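Trainee: I have a new protein model open and I would like to learn how to read it. Could you take me through it step by step?

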Amino acid sequence: MLLKVGSTGAQVKELQKILSLTSDGVFGIDTLKSVKAFQSTNGLVSDGIVGSKTWDVLLNKNTSKHSLSNNGMSLLEQFEGLRLEAYLDSAGIATIGWGSIKYPNGNKVKLGDKTTKAQAKEYKLHDLKEFESTVNTSVKAPLTQNQYDALVSLSYNIGSGAFKNSTLLKKLNSGDYKGAAEQFLAWNKVSGKKVQGLVNRREAEQKLFLA
């Protein structure tokens with residue numbers, strides 16, 4: 001993602017946030033001055049253009065990591081649905097609560113298991129730690145909160161391994177945000193068959209990613 005004077009959009013807002021500027025999404029004079037100052041301070045070519053090298057240093061300096069927002073949590077809960085008795089999901093895997101397939105102690109969910117809403121919340125939050133970490137560590141491109149939320153929802157559903165090996169991640173890390181967004185819709189099948197529930201979820205995640 002190459003940003004310079006005249007650039008607009010979510011990535012400019014993220015840049016401005018890292019530089020502690022007003023996040024209006026417009027790369028203007030104030031942003032240019034801050035970028036040049038940052039580049040000069042960190043031994044980079046002070047040209048005011050934010051390319052891969054500048055992004056790398058910016059992200060390393062900005063050590064705080066994203067976590068799922070309330071908006072992202074609502075999306076995840078909407079599509080996972082709360083079930084207090086174990087059931088088989090569309091892939092035939094025993095599942096409970098908000099899409100949990102194993103408990104915090106590592107034991108797998110099995111049919112016949114029951115839980116409470118409070119316990120289901122604990123399972124969900126435990127699971128989320130893995131998928132928040134997956135997105136934080138695997139994605140090298142700068143993300144807005146909406147983009148992060150969409151990716152966590154996706155990885156929560158398809159699994160960390162599938163996310164890390166996905167074409168979506170490869171495109172995203174190469175700076176191809178549009179191509180990455182298109183890849184959400186590829187994850188809508190179980191055993192080669194399209195599942196409408198997954199179609200709906202992928203469209204919602206894609207919409208959030210592009211917001």
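Mentor: Happy to! Keep in mind from the start that this is a predicted model. Let us begin with a helix and what lies around it. The buried residues of H5 pack against helix H4 (70-80), strand S2 (94-97), helix H6 (145-158), helix H7 (160-164) and helix H8 (167-173).

Trainee: Which residues of H5 are the buried ones?

Mentor: "Buried" here means under 20% relative accessible area. In H5 that group is Ala120, Tyr123, Lys124, Asp127, Leu128, Phe131, Glu132, Thr134, Val135, Asn136 and Ser138.

Trainee: How do I check the length of helix H5 against what it should span?

Mentor: Work from the rise of 1.5 Å a residue. Helix H5 covers residues 117-138, so its 22 residues should span 32 Å, and the C-alpha atoms at its ends are 31 Å apart, which agrees. You can repeat the check on H10: its 15 residues reach 21 Å from first C-alpha to last, close to the 21 Å expected.

Trainee: What covers the buried residues of H10?

Mentor: The cover includes H4, H6, H8, H9, S3 and S4. The residues underneath are Leu198, Val199, Arg201, Arg202, Glu205, Gln206, Leu208 and Phe209.

Trainee: Let me step back to the whole chain. How many helices and strands are there?

Mentor: The chain has 10 helices and four strands. Reading from the N terminus, their order is α-α-α-α-β-β-α-α-α-α-α-β-β-α. The C-alpha trace spans about 65 × 35 × 25 Å along its principal axes, and 44% of the 211 residues are buried.

Trainee: What can I say about the surface and the charges?

Mentor: The chain exposes about 11200 Å², with carbon and sulfur atoms supplying 51% of that area. For charges, count the side chains: 28 are positive and 19 are negative, and the centres of the two sets lie 3 Å apart.

Trainee: Which residues touch the most other members of the largest nonpolar core?

Mentor: To read a core, look for members with many partners. This core has 29 residues, and Val135, Val139, Leu151, Phe163, Leu172 and Phe209 touch the most other members. At least two residues each come from H4, H5, H6, H8, helix H9 (177-183) and helix H10 (196-210). H6 gives the largest share, seven residues. Apart from this core lies another, of 12 residues, among them Leu3, Val12, Val35 and Trp55.

Trainee: What is leucine 151 in contact with, beyond its neighbours within four places in sequence?

Mentor: Its partners are Val135, Val139, Leu143, Phe163, Leu168, Leu172, Phe184 and Phe209.

Trainee: And valine 12, is that residue buried or exposed?

Mentor: Valine 12 counts as buried because its relative accessibility is 0%. You will find valine 12 in helix H1. Leaving aside neighbours within four places in sequence, valine 12 is in contact with Leu3, Ser7, Gly25, Val26 and Phe27. Sequence distance and distance in space are separate things to read: valine 12 and threonine 144 are 132 residues apart along the chain, with their C-alpha atoms separated by 9.6 Å.

Trainee: How far apart in space are glutamate 80 and threonine 137?

Mentor: Their C-alpha atoms are 24 Å apart, and the two residues are 57 apart in sequence. Glutamate 80 sits in helix H4 and counts as buried because its relative accessibility is 13%. Setting aside neighbours within four places in sequence, glutamate 80 is in contact with Tyr87, Trp98, Gly99, Tyr156, Asn157 and Arg201.

Trainee: Last topic: what should I look for in the backbone angles?

Mentor: Most residues other than glycine have a negative phi. Serine 20 has a positive phi, near 60 degrees, and lies in the loop between H1 and helix H2 (29-41). Another case is serine 191, with a positive phi near 55 degrees, in the loop between strand S3 (189-190) and strand S4 (193-194).

Trainee: Are these serines, 20 and 191, buried or exposed?

Mentor: Serine 20 counts as exposed because its relative accessibility is 67%. Serine 191 is exposed too, with a relative accessible area of 76%.

Technical notes:
Residues are numbered from 1 along each chain as its sequence is written. This is a predicted model: local features need pLDDT of at least 70, side-chain atom pairs count only at pLDDT 80 or more; totals for chains, interfaces and linings use all residues. Side-chain values use heavy atoms; hydrogens and water are left out. The expected span of a helix is 1.5 Å times one less than its number of residues. Buried means under 20% relative accessible area, exposed over 50%, partly exposed in between (1.4 Å probe, protein chains only). Contact means heavy atoms within 4.5 Å. A nonpolar core is a set of buried Ala, Val, Leu, Ile, Met, Phe, Trp, Tyr and Cys residues joined through side-chain atoms within 4.5 Å. Accessible areas come from the Shrake-Rupley method with a 1.4 Å probe; for residues, only the protein chains shown count as cover. Lys and Arg count as positive and Asp and Glu as negative; His and the chain ends are not counted. The place of a charge is taken as NZ of Lys, CZ of Arg, CG of Asp or CD of Glu.
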